[in-house]
Amino acid sequence: MNKEVKIDMSSVLAADKDWWRGGVIYQIYPRSFQDSTGDGIGDLRGIVQRMDHIASLGVDAIWISPFFTSPMKDFGYDVSNYCDVDPMFGTLADFDAVIEAAHARGIRVMIDQVLSHTSDQHPWFAESRQSRDNDKADWFVWADPKEDGTPPNNWLSIFGGPAWQWDARREQYYLHNFLTSQPDLNFHCPAVQDALLDAVRFWLDRGVDGFRLDTINFYVHDKDLRDNPALPVDMRDDSIAPRVNPYNHQHHLYSKNQPENLAFLRRFRALLDEYPAAAAVGEVGDAQKGLEIMAEYTSGGDKVHMCYSFEFLSKHAPTAGRVAEVWDRVGSVIDDGWACWAFSNHDVVRHSSRWNLGDAGLRCLTTLMMTMRGTACIYQGEELGLTEADVAYEDLQDPYGIEFWPEFKGRDGCRTPMVWQASNSDAGFSAGKPWLPVASEHLGRAVEAQEGNADAILHHYRRAIAMRRNELTLAKGEQSPVTTQGPVAVFTRTHDGEEIFCAFNLGEAEAPITLPAGDWQMMGAELGGAAPDATTLAPWQCLLARRAI
Ligand code: BGC
Ligand code: MG
């Protein structure tokens, strides 16, 4: 009799507690990935339908942006029920199907947890705003006005204007770091922490493998509500908010990054440690101290596993000098901590446009990402080399873009639908009218169009990810400081008797390269890499070579 052997993938997956270290994560923005219902909005069943594409990339995990019940004022980053699926995206059973489809292919599932704030439609907020003495009166950050009626302090919202909104019923202001419809939860209240951890447990029990924690450094605010000092003009940095946003004029000493957050993160980690191999990556939004906070939150093995900062999400192109500078700072602040790197996500201009890169540049940076120490996070469509779409004002959806338009056009240009087929005007994304238009210039880069072309960038992504997966030294090894040889960034990775030399010409001109003397063996030929005896690198060429040590 032919007996089918059924492997329980979820227990196989659970076995490697350290999977996240050096893994590759694929970020899905569910609204724009695949629509299965014809309403023009991507959904959970759509993710199931496209799981083979994800598996074909060879990634370790997916991170799915929020799909929870929400009025969608910030497209799901405004949650009104932490423990349910918004009908627009499907049902809890559909989510179970996502987990099953992913686990069957050896892919882990990470979900977004937006714990810092809720939607103003969340029942917790509805109750809290009723009076000053209800059971949830202190679940959000309420404060009396100053004597002259103005807000209690000078804190600003990232999405524009003061961080305080007046509420007539309580005759008090409430804090919001983002939209007025995203009231900030009060983490100084233990019951709030308990309720949030219960929600996290709900998803762990449902089988998720980890979390991306939204705005992790915004959880706790200064109890005394002290004013933030002004930031001198020459210290302003627009890496997390656009230049035209006055948010950049302040040093956010008191509105975020508070020491009490560490105690909450330890509680969070203790919960995750009850499960076999759950891991979390925290998003750190801070223009001044992003790496220091990453170091603090990921040290000691008792807070989050990884943090995600804006070093490579900013407008600064990763020239050799910039890569060296970032790693210099990493080397000086991060000891036992762990970074998760990304070039693109659903909040920033796609890196091909942000850094004005052609395909050669995109390929080179992908290889660089897969050779750097840390966890790598790629964003849907990046594997196709998609550019930022130019969304017309009348099609804009993002409130952030509508607020600051035209100086800052918001985040819709990186959120347009995935392109699956070139032959269909909606690119195989939806049978209905997509919530954001498909960018016509993306059609030629559709998955189907690239599949048959071995030179296409999609295959480069697969090869680069495969190399990292096959080389323990790249996934887990130590990394030397990054040095520069003109436009070429150079570093080595070492692990268990092996050294891998990595050099990347991050410029537009041919450049000389010298390897240290030694018995080097070529790697990365399939990625267009040069041989170890090369004396020059073409623009955007890399050289990868290994030797025993
Ligand atoms: C998310 C954004 C969101 C914001 C507020 C983030 O950093 O990535 O998309 O608008 O948090 O939740
Ligand atoms: Mg749909």
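A cavity, in the sense used here, is a set of grid points inside the protein where a 1.4 Å probe fits but cannot get out. In this predicted model, a search of the whole structure for such enclosed spaces finds three cavities of 30 Å³ or more. The largest cavity has a volume of about 60 Å³, and among the residues that line it are Leu231, Asp237, Tyr247, His252, Lys256 and Asp286.

From these spaces we can turn to the strands. Strands of a sheet pair through backbone hydrogen bonds, either parallel or antiparallel. Here, eight strands form a closed barrel in the order S1-S2-S5-S9-S10-S11-S12-S13, and their pairing is parallel. On average, neighbouring strands of this sheet are turned by 25° against each other, if direction is ignored.

One place to follow the barrel is where strand S5, residues 108-113, runs parallel to strand S9, residues 210-213, with four bridges joining the two. Gln113 has Leu213 in S9 as its bridge partner. Helix H4, which covers residues 92-104, packs on the sheet and touches both strand S2 (61-64) and S5, and the direction of this helix makes about 140° with that of S5.

Further along the barrel, strand S11 (residues 306-308) is joined to S12 by two bridges, and these two strands run parallel; Tyr308 has Cys340 in S12 as its bridge partner. Between S11 and S12 the chain passes through helix H9 (residues 320-333), which gives a right-handed β-α-β crossover. On its other pairing, S12 is joined to strand S13 (residues 375-379) in the parallel sense over three bridges, and Trp341 stands opposite Ala376 in S13. Which way do the side chains of strand S12 point? Ala339 and Trp341 point one way, Cys340 and Ala342 point the other way, and all of these residues are buried.

The loops also hold some details of the backbone. In the loop between S9 and helix H7 (261-272) lies Asn257, whose phi is near 55°, a positive value in a residue other than glycine. Asn257 counts as buried because its relative accessible area is 16%, and buried means under 20%. Trp540, in the loop between strand S20 (536-537) and strand S21 (542-548), likewise is not a glycine and has a positive phi of about 60°. With a relative accessible area of 15%, Trp540 is therefore buried. Finally, a cis peptide bond with an omega of about 0° joins Trp405 and Pro406, and Pro406 lies in the loop between helix H12 (399-404) and helix H13 (447-451).

Technical notes. Residues numbered from 1 in each chain as written. Chains lettered and ligands numbered in written order. Predicted model: local features only at pLDDT ≥ 70, side-chain atom pairs only at ≥ 80, totals over all residues. Heavy atoms only, no water. Pairing = 2+ DSSP bridges. Axes fitted to C-alpha atoms, helices over the stretch in contact; angles between N-to-C directions. Contact = heavy atoms within 4.5 Å. Buried < 20%, exposed > 50% of the residue type's maximum accessible area, 1.4 Å probe, protein only. Right-handed = clockwise from strand over helix to strand, strands pointing away. 1 Å grid on protein atoms, 1.4 Å probe; cavity = no way out; pocket = protein on both sides within 12 Å on 5 of 7 lines; lining within 4 Å. Points joined across faces, edges and corners; volume = space filled by probe spheres on them.
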